[in-house]
Every structure is written in C-alpha cells, then in structure tokens.
Amino acid sequence: MAADSLFANVTSLTHFEDTNGSTTVTDVLGGTWSAMSGGPTISTAQYKWSTSSARLTGAGTITGPTGVAAFGTQDLCIEMWARADAGAETSRCLFARGSGTTSLELWINSGGSLVVYGNNSALISVAGPASIVTADVWTHYALTRYGNVWTCWFNGVAHSTVTYSGSLATTGTWDVGGPGAINRWIGYIDDFRLTIGNARYTAAFTPPTEAFGDSLLGNGGIMLCPMPTVTASGSAIIPSAVCEAVMPTMRVTGYGGANGSASMSMPTVSVVTGGNGAVTMPMPYTISVGHAATGDVAFVASMPSAQ
C-alpha cells in the first residue's frame with residue numbers, strides 16, 4: 001500500500017475489503033458508511049487491489065458517511081477504480097452528492113464521455129472523447145477542483161474541463177455508483193478516496209500502481225529523513241580549529257493508526273583539529289505522523305539540541 005503525503009487532507013477512504021457477500025463498508029478514517037442494500041455487496045470475484053471490491057448491479061445503494069464538511073470552494077479530489085460490465089459502458093453514474101443547487105455528480109454520459117454535473121447543471125463540463133469505457137477493464141476515474149477549474153480524469157488524462165467558481169454547500173452523504181433508482185453503475189468499484197483541501201492532480205499523471213495509502217507512511221512503510229552534514233571552520237565556533245558535525249540518517253517507522261515506533265541515532269561531533277571546545281547544534285527536525293481529522297497520531301519524533 002502506497003504512502004500518501006496528502007493523507008492529512010483525506011476525508012474518506014475505503015478499500016471495499018471484507019468477506020465475499022458482505023454488505024459492510026469500512027472507512028479507514030473511521031466514518032460510518034451505511035450498510036450496502038438492495039443489490040451491492042462485497043465480492044471476491046473481481047478486484048483491482050488486495051482481495052475484494054464492491055459489486056454493483058444497477059440497483060441499491062452504497063452510501064458514504066455522514067458528518068463530512070461541505071465542499072464549499074475548496075480544492076478537492078474524488079477518485080476511484082471502476083470496472084464496467086459489458087453493455088453498461090454509457091449513461092452510468094460514478095459519484096453523486098446532494099441535489100439541486102448543492103449537487104455534484106460524476107457521470108459517463110450517453111455518448112460514453114466522462115463529465116461532471118453540479119448546481120442544477122450550472123456546473124457542467126464540455127464532453128470529451130466519446131465511447132471511452134472498455135467493458136471488463138479496471139479504470140482510474142478522478143474529479144478534481146483546482147481553484148475554479150474542474151477536471152475529469154480518465155486513467156490520468158484530462159478528459160473534460162470546466163471553469164466554475166461557485167460554492168457547493170451540500171453537507172449530506174454521497175452515493176458511490178449513482179443516485180436515485182436509475183443509471184447506477186453496473187460492474188465493480190474498488191478503492192474510493194475523497195480528498196478535501198488539495199486537488200492532487202493538476203497535470204497528466206500515471207494512475208496509482210498500488211492501493212491508496214492508509215497513512216503518510218503507507219502500510220508499515222518506512223520514512224527516511226536525511227540529516228545534514230555540517231562542516232564549519234573559524235573562530236565563530238571553535239577558535240583556531242576546524243570541526244565537523246555529522247548527523248546520520250534518522251529512521252522512523254510506523255503504521256498510520258495510533259501505534260507506531262521511532263528510533264534515531266544521535267549525531268556524531270568531532271573536533272578535527274584544535275584543542276578544547278564545544279559545538280552546539282540545534283536540531284530542528286520534528287516529525288509528526290497522524291491525521292488531523294481523526295486526531296490519531298502514530299508518533300511524534302523530535303531530536304533536541306546536541307552539545
């Protein structure tokens with residue numbers, strides 16, 4: 001699982017991981033998704049990552065957690081992996097939140113183009129190339145807002161854009177795979193992530209090559225913080241002496257929940273020439289790993305001044 005340097009901006013993240021036939025959706029951030037009902041279930045028959053995904057049949061709902069703040073005018077990124085069944089490559093909704101003047105929806109339209117609708121269609125992107133969806137193929141879909149520019153991304157390529165400065169005030173839940181009773185997604189969805197406060201993608205990109213990260217470090221990842229090598233000479237530090245301070249790499253390990261560990265080696269200070277003296281090196285490195293929204297902190301690692 002990849003590390004995510006923007007994890008502090010993630011508002012909701014689910015990998016749709018559970019036993020085959022389950023209707024439970026687990027959010028990494030602790031949000032409570034409604035149990036899938038009316039058709040969708042967890043399936044081990046197809047998946048992009050790990051061992052399962054959400055199976056959608058065109059009926060029923062996958063409803064996201066309550067309590068998520070309004071999008072407003074903030075930068076954002078809504079993304080997921082999806083696989084369409086044969087015959088369901090057009091007129092299908094991937095994401096919907098709100099209605100009327102607070103709505104925001106991501107669609108494959110009737111021509112097979114990826115488009116965004118919002119605010120009673122005051123926000124609507126110009127359709128890009130048609131018939132882009134290939135049945136039975138996993139595809140990365142993303143919708144971003146960067147300033148006033150909205151972009152629909154298809155496998156890392158900007159597919160359609162629109163400029164819209166309005167605020168989306170909705171504070172309700174959202175549906176993954178479509179609103180209402182018609183035009184729901186038919187196929188599979190894996191790895192859904194909502195990022196608020198950062199657009200993530202502002203130019204063409206390579207779609208993620210592993211599951212979305214659950215923390216700044218990923219799944220049990222290692223963060224290496226290269227420490228500087230400081231060399232000084234002259235009376236400002238030690239009169240008539242040359243000194244060298246070498247601080248080795250600090251290694252911090254942990255996993256993005258409440259558990260974590262940190263270990264670090266202390267700097268080595270040597271006086272190369274000269275006699276007596278002391279070298280004091282302020283150590284400005286403080287590392288905090290966690291998530292601002294949930295308050296979970298894996299660890300805080302700091303190194304005080306060494307003398």
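**Exercise 1. State how many helices and strands the chain of this predicted model has, and how much of the chain is buried.**

Solution. Start with the secondary structure: the chain has 0 helices and 21 strands. Next, take the burial: of the 307 residues, 47% are buried. The accessible surface comes to about 13100 Å², and carbon and sulfur atoms hold 52% of that area. Finally, consider the contacts with a separation of 6 or more: 64% of them join residues 24 or more positions apart.

**Exercise 2. Determine which residues have pLDDT under 50, and how the coordinates there should be read.**

Solution. The chain average is a pLDDT of 77, and 69% of the residues score at least 70. Over residues 220-307, pLDDT stays under 50. The model still has 165 contacts beyond four places in sequence for that stretch. Where pLDDT is low, predicted coordinates should not be read in detail.

**Exercise 3. Give the strand order of the open sheet of 5 strands, and explain which strands stand at the edges.**

Solution. Step one is the order, which is β8-β7-β6-β5-β12, with antiparallel pairing. Step two concerns the ends: β8 (123-124) and β12 (174-176) each have a single partner strand, so one side of each lacks a neighbour in the sheet.

Step three goes through the pairings.

- β6 and β7 run antiparallel and are joined by 5 bridges; here leucine 104 stands opposite glycine 118 of β7.
- β5 and β6 are also antiparallel, over 5 bridges, and cysteine 93 has tryptophan 107 in β6 as its bridge partner.
- β5 and β12 pair in the antiparallel sense over 3 bridges, with alanine 96 opposite aspartate 175 in β12.

Step four looks at β5 itself. Strand β5 (residues 92-97) has 6 of its 6 residues buried, so it is largely enclosed by the rest of the structure. The hairpin of β5 and β6 has 6 residues between the strands, and glycine 98 takes a positive phi near 75° there.

**Exercise 4. Place asparagine 109 in the fold and decide whether it is buried or exposed.**

Solution. Asparagine 109 belongs to the loop between β6 (104-108) and β7 (114-118). Its relative accessible area is 16%; because buried means under 20%, asparagine 109 counts as buried. The side chain of asparagine 109 reaches the backbone nitrogen of glycine 111 at 2.9 Å. Leaving aside neighbours within four places in sequence, its contacts are Thr90, Ser91, Val115, Tyr117 and Ala127.

**Exercise 5. Describe the surroundings of threonine 139 and leucine 143, both in strand β9.**

Solution. Begin with threonine 139, which is buried at 3% relative accessibility. The side chain of threonine 139 reaches the backbone oxygen of valine 137 at 3.4 Å. With neighbours within four places in sequence left aside, threonine 139 is in contact with Met80, Trp81, Ala82, Phe154 and Asn155.

Continue with leucine 143. Strand β9 covers residues 139-146, and leucine 143 is buried there with a relative accessible area of 0%. Not counting residues up to four places away in sequence, leucine 143 touches residues including Leu76, Cys77, Ile78, Leu104 and Trp150. Leu104, on that list, is the residue that stands opposite glycine 118 in β7. As a last step, take the distance to threonine 161, 18 residues away along the chain: the C-alpha atoms of leucine 143 and threonine 161 are separated by 9.6 Å.

Definitions and conventions:
Residues are numbered from 1 along each chain as its sequence is written. This is a predicted model: local features need pLDDT of at least 70, side-chain atom pairs count only at pLDDT 80 or more; totals for chains, interfaces and linings use all residues. Side-chain values use heavy atoms; hydrogens and water are left out. Helices (H or I, at least four residues) and strands (E, at least two) are DSSP runs, numbered from the N terminus. Buried means under 20% relative accessible area, exposed over 50%, partly exposed in between (1.4 Å probe, protein chains only). A polar contact is a pair of N or O atoms within 3.5 Å; within protein, one must be able to donate a hydrogen and the other to accept it, and residues adjacent in sequence count only if both atoms are side-chain atoms. Contact means heavy atoms within 4.5 Å. Accessible areas come from the Shrake-Rupley method with a 1.4 Å probe; for residues, only the protein chains shown count as cover. pLDDT is the predictor's confidence in each residue, from 0 to 100. Two strands pair if DSSP finds at least two bridges between them.
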